[in-house]
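Student: Please take one chain of this model and go through it closely, element by element. I would also like to know where its neighbours touch it.

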Amino acid sequence: MSFKAFKKGMHNFTTNISIIINTILLIIVYFIGVGITFIFAKMVGKHFLDMKLSKGSYWKTLNLKKKPMVSYYRQF
Amino acid sequence: MYILGISCYYHDSSAALLKDGKIVAAAEEERFSRKKHDTTFPDLAIKYCLESQGITIDDVDYVGFYEKPFIKFERVLSQHLECFPLSLKVFLSSTPSWINEKLRVVSKIKKSLKYKGDILFIDHHMGHAASSFLVSPFKKAAIVTVDGVGEWTTTSYGIGEGNDIRLLKDIQFPNSIGLLYSTITAYLGFTVNNSEYKVMGLAPYGNMDRKTNPWYNKLFKVVDVKDDGSYRLNMKYFKFHWADRMPSHAMCSLLGGPIRKPESEVDQRHKDIAAALQMVTEDIMTKILNHVHKETKCNNLVMAGGVALNSVYNGKILKNTPFKKIWIQPAAGDGGTVIGVVHYIYNTILGNKRTYQMTDANLGPKYNTEQIQTFLDKNNIKYTTFKNDNELVKTSAKLCHENHVIGWFQDGMEWGPRALGCRSILASPCNPKAKELLNTKVKHREKFRPFAPVVCDDDAAKYFDCDKPVPEPTDYMLMVYPVFKKWHKKIPSVTHVDGSGRLQTIRKHQNPRYYNTIKEFGKLSKIPILINTSFNIRGEPIVCTPHDAYKCMMGTGIDYLVMDKFLIKRSENPKDMWDSEKYAID
Amino acid sequence: MSKNKSLLGEMWEFLRVRKAWWLTPIILMLVLVGILIVFGQSSALSPFIYALF
């Protein structure tokens, strides 16, 4: 077997293993991180998306305007 | 002062460069990478921007990014928290890219570009607002931005005055007209964020009567619209907030059947649904615009966001709302926010006076006569050289009049999704077989899709029932107007089934060769209108380089290529012929 | 010297300023496993969903 073929095989193997490990770790994050927060939020009646239909206007006040320069260095 | 704007990771990646208040270069990454709707970091577009000015990244004073990534991340995590455990699949598929790319914009920009300066992050909808207002001819205007979603905002309105922009109110995710349009696009079996304009083109084949279209009232079950134009989606009919599909089972039941398989037949029900969607969208937008006019008391309107590319509705705005003037940037979608980012930094944040107004979209790479001739000679391509502009214009017009299809490669590549006479395919609209000819030879498009006309600005009002004076967005094919009835049979190839046309108006100063060719064609045919369609192989982005243009001609049935002052005839270069249709992927 | 902050520093400021405390457990877990994970780029997006995530 040539070294090139060996390298390719190892690369594929590593990729597959990393996909499996990543998936397992992310599943843990999802069920523990997201899941537990979801349960607490449900218990206190908190919602994260505004989906309720109502009678009044749906416009929300935004008032987005020029801010101090320092706020634009932030990613939020 | 140089400011570089960057957008990437979600929709069409792009870059724009501003120099002392003026946009000097802008382009989408896809044109260089040749991957349609390329979302990766726009290395190549940035390289073009810098090289066009002969500068390096060290000359750039600021780099601007088109959104606030952490706020977007907050919204995404909120979706997972609201929809647990349904969103597991998308969590697993999308989270890696957040960790690896989307939360690492600062380090990516610094490492990729070796940039040592500051990076400014501009709210997404502010980028949209600025991309239209700050390059418009208006000192003061009402601003409306409507897209799928940015960070949280999907729709907003406000006022622009001088250098300042204030977005007053918004509607937030998951409530979104853009996502409603995309959901029905997906339901109709078309690709999302790529084919919404096809659904817009399909609508006239359906029942456009609000009283008798059965789906019109049904669609109002999926969206609650108030008199002030504000709206909320009934999320029972959607699943885009937790799944990798958009319409839910409830939507499929409401619309009388499952999601259409992409290659299956588009039947009358689909056409009627497309029509209903277009009418619902127009009704919501009209309510929004009427409300905005009332709140802002401005007669000027600028629009941005992907929904502002709905040119059928745009053509009705001045007739159906109190606004008197309108301006929309040619790249109104997400790729266009880079224009807004650089101008917002220069004019609003840094307080510099506005001195630039966008009057054409020729912001991409241009190739001079020497470069093109070198390419032709190096590749042993047979060509002839026009003696002067007059000969070029007369020959091009004559070829179109003789029902040939010509590729037209001139000047700087267009900014935005439309070809506007720099990277275009031209043909005669008087030929009733032109649509079939173009579809067979070149474009291989769905039968229901119309081709678009280009007309000189001083002739537009003769052929089209357009607003007067012709609004500037028409220069960027952003307005659809009715073709006067007496011309329907004379220009059948650019008259849609409902008698409308998505025209491009060209003004002489924008592109004299193009303008003169159309006029010359008019002398021969008595109708100074040409078909203008984008110069590309099916499934590929619009051509960018002379190589792309030549390759496209040789892989399709385009008869001639007019590239700067050179004429290349396809049949004289048989060694380079190939069949692009074999390899085309939509 | 650039005025942009580091990822972790900015993430902490984001939670504090936005008062997004509900997100803390998820973000904490992502930071912890992030050290372990070999991440790739995003998988190819289906053409039938808007790029939302």
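Tutor: The account below follows chain B from its core outwards to its contacts.

This is a predicted model, in which local features need pLDDT (the predictor's confidence in each residue, from 0 to 100) of at least 70, side-chain atom pairs count only at pLDDT 80 or more, and totals for chains, interfaces and linings use all residues. Residues are numbered from 1 along each chain as its sequence is written, while chains are lettered from A and ligands numbered from 1 in the order in which they are written. For the complex, the predictor gives an ipTM of 0.94 and a pTM of 0.96.

Start with strand E15 of chain B, residues 423-427 (helices, H or I with at least four residues, and strands, E with at least two, are DSSP runs numbered from the N terminus). Five of the five residues of E15(B) are buried, that is, 20 or more other C-beta atoms, placed from the backbone, lie within 10 Å of their own; 12 or fewer would make a residue exposed, and counts in between partly exposed. B:Arg423, B:Ile425 and B:Ala427 point one way from the strand, and B:Ser424 and B:Leu426 the other way. In a regular strand the side chains alternate between the two faces of the sheet.

E15(B) has two partners to follow, where pairing requires that DSSP finds at least two bridges between the strands. With strand E14 (residues 406-409) of chain B, E15(B) pairs in the antiparallel sense over four bridges; B:Phe409 has B:Arg423 as its bridge partner. E15(B) also pairs with E20(B), again antiparallel and over four bridges, and there B:Leu426 stands opposite B:Asn532.

B:Asn532 leads on to B:Ala452, since B:Asn532 is among the residues that B:Ala452 contacts when neighbours within four places in sequence are left aside, together with B:Met477, B:Val494, B:Gly501, B:Arg502, B:Leu503, B:Gln504 and B:Thr533. Contact here means C-beta atoms, placed from the backbone, within 7 Å. B:Ala452 lies in the loop between helix H16 (434-443) and E16 of chain B, and B:Ala452 counts as buried because 23 other C-beta atoms lie within 10 Å. The C-alpha atom of B:Ala452 is 9.8 Å from that of B:Ser500, although the two residues are 48 apart along the chain.

E20(B) and E16(B) appear again around helix H18 (residues 512-525) of chain B. The buried residues of H18(B) pack against helix H15 (389-401), strand E16 (453-456), strand E19 (504-506) and strand E20 (529-534) of chain B. Those buried residues are B:Tyr514, B:Tyr515, B:Thr517, B:Ile518, B:Glu520 and B:Phe521. The helix has 14 residues and reaches 20 Å from first C-alpha to last, close to the 20 Å expected at 1.5 Å a residue; the expected span is 1.5 Å times one less than the number of residues. B:Lys526 follows H18(B) and has a positive phi, near 75°.

Elsewhere in chain B, five strands form an open sheet with mixed pairing, in the order E3-E2-E1-E4-E5. Strand E3 (22-28) and E5 of chain B are the edge strands, each paired on one side only. Strand E1 (residues 2-7) and strand E2 (residues 14-19) of chain B are antiparallel over six bridges, with B:Ile6 opposite B:Ala15 in E2(B). Helix H2 (residues 43-52) of chain B packs on this sheet, touching E1, E2 and E3 of chain B, and its direction makes about 150° with that of E3(B). Helix H13 (residues 337-349) of chain B packs there too, touching E1, E2, E3, strand E4 (60-65) and E5 of chain B, at about 145° to E1(B). Axes are lines fitted to C-alpha atoms, for helices over the stretch in contact, and angles run from 0 to 180 degrees between N-to-C directions.

Now the neighbours. Between chains B and C, the contact takes 35 residues from chain B and 25 residues from chain C. On the side of chain B, helix H3 (69-83), helix H4 (88-102), strand E5 (118-121) and helix H7 (177-187) each supply at least two residues, and H4(B) has the largest share, eight residues.

Chain A contributes 31 residues to its contact with chain B, which contributes 44 residues. On the side of chain A, helix H1 (3-44) gives the most, nine residues. E1(A) and strand E8 (residues 164-172) of chain B pair in the antiparallel sense over three bridges; A:Leu64 has B:Leu167 as its bridge partner.

Conventions:
Two residues are in contact if their C-beta atoms, placed from the backbone, lie within 7 Å.
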